[in-house]
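Me: I'm new to this one and would love a short tour. Could you show me the structure, and then I'll ask a few things?

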Amino acid sequence: MHNKHKILIIEDEINICNFVRAILETNDYQVLVARNGESGKTVFFSHHPDLVILDLGLPDIDGCDFIRLVREQSDIPILVLSARTNEADKVKALDLGANDYVTKPFGTNELLARVRVSLRISRHNGVGERQFKKKAHIRNMEIDYEARRVTIDKNEIKLTQTEYNIIELLSVHAGRVLTYSEIIKKIWGYSDSGSIKKLQVNMANIRKKLGEQPGEYLYILNELGVGYRMNEDNENEE
Ligand code: CA
């Protein structure tokens with residue numbers, strides 16, 4: 001199968017650049033490379049890639065300025081490469097319109113999963129995706145959108161309205177991180193000083209009801225300092 005999506009890598013570190021390029025080319029993506037922000041802009045506007053993989057720490061421009069510039073004219077998915085400890089940078093990049101991030105150092109499978117999810121977001125245009133699906137399956141969990149019911153191995157999980165809404169939201173974006181503020185805005189419609197605490201309490205209850213032990217991650221990953229990510233839907237895994 002030839003997917004031949006065109007992916008632009010903007011990254012100044014040659015080792016990482018070559019690593020990402022090799023993984024993508026092996027998996028039949030077409031790859032374009034820019035080693036700084038200015039040439040990244042030029043290649044972006046002349047070649048119209050399907051996805052941009054962007055290092056935030058570029059020698060000439062701030063990666064966040066690149067995201068801002070692209071978002072003024074385009075919804076092309078942007079996957080950010082970020083250093084391990086920079087949670088604030090990740091949140092800033094996501095709030096500016098980046099679709100997801102990968103933390104350095106990362107492995108082949110993680111990168112490919114993020115690329116796949118990001119390309120799917122652009123195909124389905126994100127929010128409307130649920131309308132095409134009646135159910136989602138994440139491992140042995142089923143989410144029935146019409147019945148608003150969650151089951152694990154066919155056993156119904158008793159959830160409050162809010163808990164169900166959070167699970168539905170994360171599952172519609174399965175595979176992708178949602179920041180705390182994105183979740184809070186979509187679930188409660190507003191955000192105040194107690195919002196994060198309220199979200200954390202709900203998440204703790206959800207994890208308990210889904211049978212997740214502390215430190216364990218079956219369905220929902222807590223991306224510390226950034227947000228939450230639900231595992232990819234089984235149908236979309238390769
Ligand atoms: Ca860099």
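Reply: Happy to! Contact here means heavy atoms within 4.5 Å. Please keep in mind that this is a predicted model.

Me: Which residues does Asn99 touch, not counting residues up to four places away in sequence?

Reply: Let's place Asn99 first: it lies in the loop between α4 (87-95) and β5 (100-103). Leaving out residues up to four places away in sequence, Asn99 touches Arg71, Ile76, Pro77, Ile78, Leu94, Ile121 and Arg176.

Me: Is Asn99 buried or exposed?

Reply: Buried means under 20% relative accessible area. Asn99 has a relative accessibility of 10%, so it counts as buried.

Me: Which backbone nitrogen does the side chain of Asn99 reach?

Reply: The Asn99 side chain makes a polar contact with the side chain of Arg71, at 3.0 Å. It also reaches a backbone nitrogen, at 2.8 Å, and that one belongs to Ile78.

Me: How many disulfides does the structure hold?

Reply: A disulfide is a covalent bond between the sulfur atoms of two cysteines. Here, the cut-off for the sulfur pair is 2.5 Å. The sulfur of Cys17 has its closest cysteine sulfur in Cys64, 19 Å away, which is too far for a bond. Cys64 is in no disulfide either, and the count for the structure is zero.

Me: What is the relative accessible area of Cys64?

Reply: Cys17 is buried, with a relative accessible area of 4%. Cys64 is buried too, and its relative accessible area is 4%.

Technical notes. Residues numbered from 1 in each chain as written. Predicted model: local features only at pLDDT ≥ 70, side-chain atom pairs only at ≥ 80, totals over all residues. Heavy atoms only, no water. Helix = DSSP H or I, 4+ residues; strand = E, 2+ residues; numbered from the N terminus. Buried < 20%, exposed > 50% of the residue type's maximum accessible area, 1.4 Å probe, protein only. Polar contact = N/O pair within 3.5 Å; in protein donor to acceptor, adjacent residues only side chain to side chain.
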